[in-house]
Amino acid sequence: MEADYVIVGAGSAGCVLANRLSADPNTRVVLLEAGPKDRNPWIHIPVGYFKTMHNPAVDWCYKTEPDPGLNGRSIDWPRGKVLGGSSSINGLLYVRGQPQDYDRWRQMGNTGWGWDDVLPLFKRSENNVRGGDEFHGDDGPLCVSDMRLSRPICDAWVEAAQNAGYPFNADYNGATQEGVGYFQLTAHKGRRCSAAVAYLKPVLNRPNLRVVTSAMATRVLLEEKRATGVEYRGPDGQLATVKAKREVILSGGSINSPQLLMLSGIGDPDHLTKNGIKPIHKLPGVGQNLQDHLQARLVFKCNEPTLNDEVRSLINQARIALKYALFRSGPMTMAASLATGFLKTRQDLETPDIQFHVQPWSADSPGEGVHPFSAFTMSVCQLRPESRGEIKLSGPDPQTHPKIIPNYLSNRTDCNTLTEGVKIARRIGQQAPLASKISASFRPSEQLPMDDDAGTLDWARSNSSSIYHPTGTCKMGTDQGAVVDPSLRVKGIDGLRVADCSIMPEIVSGNTNAPAIMIGEKAADLILRG
């Protein structure tokens, strides 16, 4: 095969690029995806993340290395391995982050990435059910809608948070992020709107676009420090190549993109040599600067029914399924969380530094089933962690998962922020009307005093999990640690770009799917401008 552009990874950014670059009928585009087509019906049902996360058919099923910051635990890092990438298995939450996030990128030397630059891209991608305005679009491919269900326990949380002194905010993607309210989600009439549904499905009949699934990239082909194509292992298990006349674009995400660069001989020479890879281009920042949102999931037992009770009996499950089949409503339309809050742990902060995800159910993790008692979850994460981790090779075999070393809670600010976030969560639980609905604190237990900072931090280390937002491992910038420049070109290699969340110099203050789609839009503009 030969094409003008070869895109590796049909995730949130890759699907955008395939759509935008193939809009010119004279431009040939090949999109390689390691996973299968998105035919699993659970992908398209919003609550289907319970079935798709940890399912090796559509999830890479990554695990971190044992982490000292988590008291030596190794935790799951689900990533989508299917058309749509992680947008096909995520919790559907539509969050852009704060304008200051992008202005900070610009201040770090990334011209063209300030809030005024990226807001039009967010709007261009968006088809918001509430209509268009100065912050939102209403004619883009990505459908953004309000929740199609509510639950009293989440309404009580929103009211309790207001009684604790936090303002209500009807649109955290609008004029300001701060406050409490309800999530919007990437869905349309009760069905998931992944990047594949939004951007890829409408253009699959273009004769100049070829999508190859079950095609795992093994290395970028290089000739005298120019990317000329991609080697991949096809559906038949055989190695094949696709040539790129113009550019190769890596959109594999914050784990796969740096892994592929290193497998191709681009990275730290000593690390490559130790893993049996011949160094071709020295770029020590590859795989560094890893950031993620770590969530502490507080669970409270309730004296009234929650979703845990609704799904426990087969009869109720049948009713829920029938309601979804007939009306596209009910619990099966639910995103990962209903209510949210973007709050400050200190009043001297300019913007919120913690985020809440409130769920009318509780479980040890999605995919493992709900707890056998009435309960709800109040998850809190630090928005801008200062700890930095890394991705490293585990050897020269592309099919061997790389080492994920998050270094969670290795920074004092991170420890203090998450500790204070847990304390704020517990204080909200003491406010009316939520307090009257809580029968006991299950996690952490009531035996942990609220003012015990050391005990709270230790509990967080032993119980926190990823909220699945890995970023930063192919950092964009102008400094020595940068991997790509502000045009997303890999430094020192012609004809090669990276476009996904790995390019973030700093993680955004919120969920990462919407920013990943924006990065795809931005990359398309940069490429088409030449």
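1. Strands β12 and β13 form a hairpin, with 4 residues between them. Within the turn, E224 has a positive phi of about 50°. The model is a predicted one, and the points below should be read accordingly.

2. The pairing in this hairpin is antiparallel: 6 bridges join β12 to β13, the latter comprising residues 227–233. One of the bridge partnerships links L222 to A227 in β13.

3. Strand β12 spans residues 216–222, and 6 of its 7 residues are buried, so the strand is largely enclosed by the rest of the structure. Buried here denotes under 20% relative accessible area.

4. Turning to helix packing, the axes of α5 (residues 115–125) and α14 (residues 513–529) come within 9 Å and cross at roughly 105°. The two helices are therefore roughly perpendicular, because crossing angles of 65 to 115 degrees are classed in that way. On the α5 side the contact is made by V118, L121, F122, R124 and S125. Helix α14 contributes A514, P515, I517, M518, E521, K522 and D525. By class, the contact of α5 with α14 has 7 nonpolar, 1 polar and 4 charged residues.

5. The largest nonpolar core has 154 residues, and W157 and F356 have the most contacts inside it. Helix α14 gives the most to this core, with 9 residues. Thus α14 both packs against α5 and supplies residues to the largest core.

6. A second core, separate from the largest, has 6 residues. Among them are I43, M53, V82 and Y468.

Conventions. Residues are numbered from 1 along each chain as its sequence is written. This is a predicted model: local features need pLDDT of at least 70, side-chain atom pairs count only at pLDDT 80 or more; totals for chains, interfaces and linings use all residues. Side-chain values use heavy atoms; hydrogens and water are left out. Buried means under 20% relative accessible area, exposed over 50%, partly exposed in between (1.4 Å probe, protein chains only). Two strands pair if DSSP finds at least two bridges between them. Axes are lines fitted to C-alpha atoms, for helices over the stretch in contact, and angles run from 0 to 180 degrees between N-to-C directions. Angles under 35 degrees count as roughly parallel, over 145 as roughly antiparallel, 65 to 115 as roughly perpendicular and the rest as oblique. Contact means heavy atoms within 4.5 Å. Ala, Val, Leu, Ile, Met, Phe, Trp, Tyr, Cys and Pro count as nonpolar, Asp, Glu, Lys and Arg as charged, and the others, Gly among them, as polar. A nonpolar core is a set of buried Ala, Val, Leu, Ile, Met, Phe, Trp, Tyr and Cys residues joined through side-chain atoms within 4.5 Å.
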